[in-house]
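Trainee: I'm new to this one and would love a close look at a single part. Could you pick a spot and walk me through it slowly?

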Amino acid sequence: MSRTVNAYAALTSGSSLEPWTYEQRTPREHDVVFDVQFCGICHTDIHMIGPWGQSFPMVPGHEMVGRVTEVGSGVHHFAVGDLVGVGPVVDSCRKCEPCLAGLETYCLEGATSAYGVPDRVDGSPTRGGFADSVVCDERFVHRMPDGLDPAAAAPLLCAGITTYSPLRHWNIGPGSTVGVIGIGGLGHLGIKFARAMGAEVVAFTTSQSKAQAALALGAHEVVMSRSETQMASQANRFDFLLDTVSATYPMTPFVQALKMNGTLCSLGLPGSFDVAPFALAMRRSIAGSGAGGTVETREMLQFCVDHKITADVEIVAPDEINTALERLDRGDVAFRFVVDMAR
């Protein structure tokens with residue numbers, strides 16, 4: 001039977017979030033229902049509440065951790081009381097090449113997002129984690145391993161896998177020289193992962209105030225990217241650059257910092273790239289990457305246990321979500337907000 005869920009929703013495009021209730025869909029055979037304990041706030045939430053959103057009322061939130069309260073009759077890998085997490089994707093076609101490889105984020109039919117889109121089965125809108133309960137197909141539910149603080153682990157389900165996945169795909173490890181561009185919600189985890197993988201890690205930032213923080217996160221070195229002298233000294237140095245900047249900026253000096261056959265991977269995916277094509281002539285590449293799929297997410301969670309990695313978070317109460325969204329929009333957070341939904 002359905003359940004009345006208390007949530008925080010944007011009732012119209014661009015509106016502030018406010019308390020709202022809805023009827024959760026009846027759990028299906030392979031569904032897991034869980035009470036949300038913590039839900040991270042992602043910059044994508046701001047876009048979805050605003051220009052990207054198409055379906056309202058909308059309950060955002062796609063970095064969810066909580067305790068299982070019910071499982072469908074066909075669920076055999078989860079039980080009531082388990083600590084679980086759900087990220088940005090809650091369904092996919094399950095038959096295309098990416099889906100069969102466990103890379104459901106790249107589903108050729110389009111992955112089903114955690115909120116604000118039609119459910120693939122009944123067409124009802126998906127609802128996110130700014131709520132006291134969530135229902136999700138077991139394929140997209142992750143067991144949260146022992147040893148991770150659940151609040152600090154919540155952002156791993158989006159920010160974490162979004163940075164871990166490209167580092168793994170481009171085979172970062174001992175002997176690699178990696179630059180992380182932008183030391184924010186994504187970048188701080190990129191530094192931690194690259195360092196734990198054994199790479200030499202250099203942080204690029206425009207803010208001198210973030211230099212010490214970057215070193216504390218594990219960077220071996222910090223480069224001030226607005227210094228022409230410092231940037232020129234990086235030429236032909238890097239195997240891989242993890243770019244977390246979402247705004248268009250002069251990219252040519254960074255591409256020139258790549259070795260031959262090096263790759264700059266844009267996670268921020270701005271509206272356009274400002275780069276001189278000649279900078280690519282040494283077989284340098286610009287690529288993009290989305291959040292990894294279910295297989296990589298589970299691998300990442302174990303990697304985080306093994307290397308004691310979580311996000312650096314500021315925990316807020318549900319009635320502080322709007323303030324946190326405003327602060328996030330102006331960059332006033334170090335490094336991720338997490339909502340304690342039980343407060």
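Mentor: Let's start with Cys39, which has 0% relative accessibility and so counts as buried. Keep in mind that we're looking at a predicted model. Now, a disulfide is a covalent bond between the sulfur atoms of two cysteines. For Cys39, the closest cysteine sulfur sits in Cys42, 9.9 Å away, which is too far for a bond. Cys99 is buried too, with a relative accessible area of 1%. Its closest cysteine sulfur belongs to Cys96, at 3.6 Å, and that's still too far, because a disulfide needs the two sulfurs within 2.5 Å. By that rule, the disulfide count comes to zero.

One more cysteine takes us into a sheet: Cys265 has Ala287, in strand S15, as its bridge partner. Cys265 falls in the stretch of strand S14, residues 258-266, and S14 runs parallel to S15, with four bridges joining them. Zoom out a bit and you'll find six strands in an open sheet with parallel pairing, ordered S12-S11-S10-S13-S14-S15. S12 (221-224) and S15 (285-288) are the edge strands; each has a single partner, so one side of each has no neighbour in the sheet. On average, neighbouring strands here are turned by 20° against each other, ignoring direction.

Last stop: helix H4, residues 159-169, lies across S14 as well as strands S10 (177-181) and S13 (238-243). Against S13, H4 runs at about 160°.

How values were computed:
Residues numbered from 1 in each chain as written. Predicted model: local features only at pLDDT ≥ 70, side-chain atom pairs only at ≥ 80, totals over all residues. Heavy atoms only, no water. Pairing = 2+ DSSP bridges. Helix = DSSP H or I, 4+ residues; strand = E, 2+ residues; numbered from the N terminus. Axes fitted to C-alpha atoms, helices over the stretch in contact; angles between N-to-C directions. Contact = heavy atoms within 4.5 Å. Buried < 20%, exposed > 50% of the residue type's maximum accessible area, 1.4 Å probe, protein only.
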